[in-house]
Each structure stands twice: as C-alpha cells, then as structure tokens.
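Student: Hi! Could you walk me through this model?
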Amino acid sequence: MTADIAAILAIDGIATGAVYALVAIGTVLIFTVTRVIFIPFGDIAAFTALTLAALDAKQLPGTVGLVVVLACMACVMEVASLARTGELRAVPKAVLGYLVLPLIVVGIVWLTMRFNPPMPVRIVLALLLIMPISPLLDRIVFRPIADASVLLLLTVSVALHFALVGLGLLFFGPEGVRTEPLTSMAIEIAGVHVSGQTVLILTAALVFSGLLFLFFDFTLIGKALRATALNRTGARLMGIRPARAGTIAYLLGSLMAGVSGILIAPVNTIFYDSGFLLGLKAFVGAIVGGMASYPGAALGAFGVGIIESFASFQSSTLKDVIVFSLLIPVLLWRSLASQHSEEEVEE
Amino acid sequence: MTQMFSIENVSVAYGKVEAVRNVSLSVEQGQIVTVIGPNGAGKTTLLMAAIGLLKSTGRMVFQGTDLARIDVEGRVERGLCLVPEKRELFADMSVADNLLLGTYSLRDRSTTRKSLDDVFDRFPRLKERSKQAAGTLSGGERQMLALGRALMAKPKLLVLDEPSLGLAPLIVREIFRTIASLRSLGVSVLLVEQNARAALETADFGYVLETGEIIQSGPAETLIHDPKLIAAYLGGH
C-alpha cells in the first residue's frame with residue numbers, strides 16, 4: 001500500500017465515519033435519556049434516503065403511509081390510557097400531539113410536492129417526514145414498558161428493528177435507490193483528490209453535532225435532557241417529565257439519523273433493509289464511548305469508519321467481520337476499565 | 001389560617017409490609033411543620049408518597065386540590081417541591097445549571113435572574129462555585145445547592161427530607177437558619193428530621209412518627225418540653 005492509497009482510504013474512512021458519528025451521537029442521546037438502545041436508528045437513516053429518492057422521482061413516499069398508520073396507533077393508545085386513568089381533560093392535547101401534528105407534516109409534504117420543489121426543499125421535506133416516526137414508535141412500543149430493564153428494552157428494540165424492516169418492504173418496495181449527488185465539485189488537498197460529497201458530509205457532521213452541543217449548553221430544554229440522562233428522579237423533582245424528554249430526544253436523534261441517511265444516499269445504494277449495518281456500526285462507535293460520552297461516540301464512529309475503509313481495501317468480503325471483531329477487545333477493555341457501582345448493577 | 005397541605009389516613013406499603021399506617025397531618029399557610037422520629041419510622045416513605053414517587057392510599061389535598069390523580073411533575077408545577085434525603089443533584093452539571101433547572105416547572109421565567117441572585121445572596125458559597133460541577137461540592141454545599149435549586153422553583157410548600165443528615169454542626173445551624181427564614185418569604189415547610197431538637201426549635205408544630213404511625217403531636221414548644229420525648233429523642237439536656 002502506497003502513501004497515496006492510504007491517504008485516499010483515510011479520507012474515505014473519515015467520510016464514512018462522519019456518517020456513523022451522526023447516528024452514534026443520536027444513539028447515545030436516546031440511550032442516556034430513555035435507557036433504550038434504539039437499534040432501528042439505521043432504519044430511520046435508510047428510510048430517509050428512500051423518502052428523498054421518492055420525492056426526487058415525484059412519487060408520494062411510502063413514509064407518508066407509515067407515519068399515518070403509526071400516528072393513528074399512537075393516538076388510540078394514548079387516548080385509551082388517558083381514559084383508563086380518568087384524565088379525559090388531556091385527550092384533546094393528546095389527539096393534537098399524536099395525530100394532528102404528524103398529519104399536518106404529511107399534509108405539508110403532500111401539498112409542497114405538487115410544486116416540484118428544488119433539492120434543498122425536498123431534503124427538508126424528507127427530514128420533516130422522518131422525524132415523527134421514532135417519537136411515535138416510542139409512544140407505541142417503549143412507553144408502556146418504560147420502567148423495564150435495559151436488557152428487556154434492548155430485546156424489544158431489536159424486535160422493533162425487524163418489524164420496521166418488514167414495514168419498509170411494505171411501504172417502499174424492494175428496489176434500491178441512489179439519490180442524485182448533492183454537489184459535483186471536487187477539491188485537491190496536498191495532491192489528494194477529495195470529492196465535494198466528502199466535504200459536505202464532514203461539514204454536515206460538524207454543523208449538526210455543533211448545533212446539538214449548543215442546544216445542550218444554552219437552552220433550558222437541552223439542560224433538562226442532560227439532567228434526565230444524569231438523574232431521572234432528580235429531573236422529575238424539577239418537573240421534567242421523562243416521557244417528554246424522551247420525545248425530544250427521539251426527535252433530535254431522528255434528525256441526526258435522517259441527515260446521515262441523506263448524506264450517504266448519493267454514495268451508496270440504499271435498500272429498505274440497508275439501515276441495519278449502518279445502525280450497528282454506529283452502535284459499535286457508541287460502545288467505544290461507553291454509551292455515555294458524545295465525543296467518545298463520535299471518535300469511536302470515526303475509528304469504525306477508518307478501519308472499515310482500510311479493511312475493505314485488504315479484503316472487501318471480510319470488512320464487516322474485521323470491524324465487528326474489533327468490538328471484542330474494546331468490550332474487554334471497557335469491562336475491565338470501568339468500575340461498576342451497585343446502582344448500575346441494579347438497573 | 002388557611003390550610004396548605006393535608007394528609008388524611010395515608011398508608012404506604014412495600015409489597016405486604018406497611019411502612020406508613022393511617023397517618024394524618026396538616027400544614028397551614030406559612031407554617032413550619034416537622035415530623036420527627038427514629039430511623040426506619042417511615043419518615044422518608046411518607047414524604048415520597050406526598051410528592052408522588054410512591055403509591056399510597058388515603059387522601060392528600062394541596063391548596064384545595066386532591067392529589068390522587070396528579071403525578072410528581074404536576075405536583076411540582078403546583079408548587080409542592082421536595083428536597084430529598086439523597087439531594088438528587090445533577091452531578092456532572094455546573095452549580096448554575098443545577099439552579100437554572102429549578103425553574104423548569106415555572107410558566108413565567110422572566111424572574112429567573114432575580115431568583116438566581118437571591119439564591120446567591122443566601123448562599124454566597126454557591127456563587128463562588130457557580131461554574132463548578134455539582135459533584136465536586138462538599139456535603140454542606142450540596143445541601144445548600146439542593147435547597148437553592150428547590151427555591152428557584154418558587155415553591156409554596158417546601159418538603160425537606162433530613163436536611164441536616166451527615167453535615168457538620170456549624171453547617172447544620174446555617175441550614176436551619178435558612179429554613180427559619182423561609183417564613184418571611186411565605187413559604188410553608190414540611191420538615192422531616194432525626195435531629196429532633198434542632199427541628200423542634202425551628203418548627204411551629206410537630207408530629208412524632210414511630211413504626212409508621214403518628215404517636216404524638218402538638219405545638220413545637222410543648223413537644224420540646226415533653227419529658228417522654230426528651231428521654232427518647234432529645235437527649236435529656
């Protein structure tokens with residue numbers, strides 16, 4: 001391997017790593033706030049790519065059907081649980097939040113589509129359409145078992161992933177898509193060719209993680225999310241509802257996953273089931289950060305991207321094997337290095 | 001005097017074990033009421049039920065509202081705030097951020113700046129350490145932060161669980177001085193304490209809780225001179 005090839009592989013790896021980093025940060029965000037390891041995150045990214053491809057082709061994306069079905073289910077469940085506890089006064093608000101709001105989003109997409117909107121608008125529409133999915137899934141699937149153990153939540157999360165892959169096939173069909181490149185320009189850095197797409201991926205990763213940190217540091221809601229992650233009881237005593245914090249975490253996480261989906265769609269062909277590997281690799285990155293640290297998760301994700309890039313040069317059939325076997329030493333190191341407090345064991 | 005908070009025939013059970021049995025008590029507007037009693041009497045359990053973290057039977061009324069269907073967050077929004085025994089601070093966040101989160105339940109946050117200054121006036125130590133992570137504070141400072149954070153929420157009734165636990169005598173005195181000064185702010189206080197003497201000296205009215213039941217109650221001045229109580233809790237001075 002020459003230095004030139006190494007440089008190209010490294011840049012390629014960093015770009016892939018940036019995509020993983022966005023998903024990894026979202027995974028950590030949701031895990032710390034809700035204790036759910038949200039495996040379907042990769043699916044959300046893939047669905048965003050499929051949604052954008054449908055919008056590009058001037059078709060109504062399958063996401064519309066998915067959102068409508070999920071919104072109806074979530075609304076019925078919320079109203080039923082309110083009726084059971086006798087809080088009928090809260091019903092209009094629940095219908096507004098779980099049914100009307102998602103339907104408004106669907107309506108906006110449906111109306112805007114008729115005017116053949118330009119690319120940036122289509123991207124915003126795809127993101128808008130994808131964002132309600134995880135909060136609705138949270139209401140349908142995770143809220144009823146919110147107090148369960150992390151392991152049970154993970155098991156349900158894996159099951160949910162398979163359900164979503166099935167729904168993906170139903171709503172998007174089996175065809176793979178590749179969206180049009182966002183930019184065709186290219187630059188050269190020290191003699192190495194860097195595509196505009198790579199630059200765009202890195203910029204987007206930096207901008208969105210930067211925005212997230214600003215949100216955590218400078219807004220009360222951001223601080224409330226961090227507080228919920230640090231100490232749930234303490235947060236409740238401040239009047240912060242864990243369920244609401246969870247919804248915000250899912251919305252933000254979906255945005256991160258959606259952006260990553262849009263960034264990889266022009267580079268890789270995306271199928272309804274392409275999300276799993278993406279989500280799993282981001283998860284590996286998040287584990288490197290101990291599922292608790294955002295910079296750790298981002299670094300881990302970049303590491304996974306770079307290793308994958310070099311591994312695929314050596315042996316493209318074994319690249320996933322190489323990436324996932326590296327998880328074993330990382331897990332060993334983490335379990336030896338971390339001190340388990342009694343509280344953690346109880347959870 | 002108007003009734004702020006009342007607990008009527010409240011029982012709390014962990015599985016089959018009843019930790020609190022048929023307890024009734026009330027706090028009037030602007031009053032400091034204390035519940036004293038030995039370790040394991042059910043004091044903390046009673047407070048956890050009052051704030052809604054534990055399920056209970058019986059009736060609880062806060063400012064005329066029945067609390068049965070109101071969750072923890074709803075009680076906090078109505079001005080019923082608990083400073084728990086474990087403080088439950090946000091250890092990795094700064095002192096200032098901890099205090100700011102106290103305002104989360106308020107609809108109107110225009111007075112946040114003033115509340116923050118008030119807390120810093122009350123506890124100058126917190127101002128010095130406002131940028132430090134809460135987890136790096138000493139025990140006394142943590143209690144000050146927990147109290148300050150609760151005051152940021154502009155509580156109508158402040159429920160304090162063992163505020164003096166594990167603190168040095170000098171700091172205990174400071175904490176009790178702060179509690180007594182809450183009267184002038186119109187904040188009512190429900191105070192649970194093992195340090196019975198300090199609690200009765202500060203409070204207007206007292207209840208004695210033993211093995212989950214109220215065995216005695218009366219004005220704090222009367223209780224503090226009760227020979228039986230002196231023998232049991234007040235260490236015969």
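Tutor: Happy to; here is a short tour of chain B and its contact with chain A. This is a predicted model, where local features need pLDDT of at least 70, side-chain atom pairs count only at pLDDT 80 or more, and totals for chains, interfaces and linings use all residues. Residues are numbered from 1 along each chain as its sequence is written, while chains are lettered from A and ligands numbered from 1 in the order in which they are written.

Student: Cool. How many helices and strands does chain B have?
Tutor: Chain B has 10 helices and 10 strands, counted as DSSP runs (H or I, at least four residues, for helices; E, at least two, for strands) and numbered from the N terminus.

Student: And how much of chain B is buried?
Tutor: Buried residues are 47% of its 237 residues, a residue being buried if 20 or more other C-beta atoms, placed from the backbone, lie within 10 Å of its own.

Student: What box do the C-alpha atoms of chain B fill?
Tutor: Roughly 45 × 45 × 35 Å along the principal axes.

Student: Switching topic: how many residues does each chain give to the contact?
Tutor: Chain A gives 18 residues and chain B gives 19 residues, with contact meaning C-beta atoms, placed from the backbone, within 7 Å.

Student: Which element of chain A gives the most to that side?
Tutor: Helix 9 of chain A, with 6 residues.

Student: Back to chain B, which residues of helix 4 meet helix 6?
Tutor: B:Ser115, B:Val119 and B:Arg122 of helix 4 meet B:Gly148, B:Leu151 and B:Met152 of helix 6.

Definitions and conventions: Two residues are in contact if their C-beta atoms, placed from the backbone, lie within 7 Å. A residue is buried if 20 or more other C-beta atoms lie within 10 Å of its own, exposed if 12 or fewer, and partly exposed in between; C-beta atoms are placed from the backbone.
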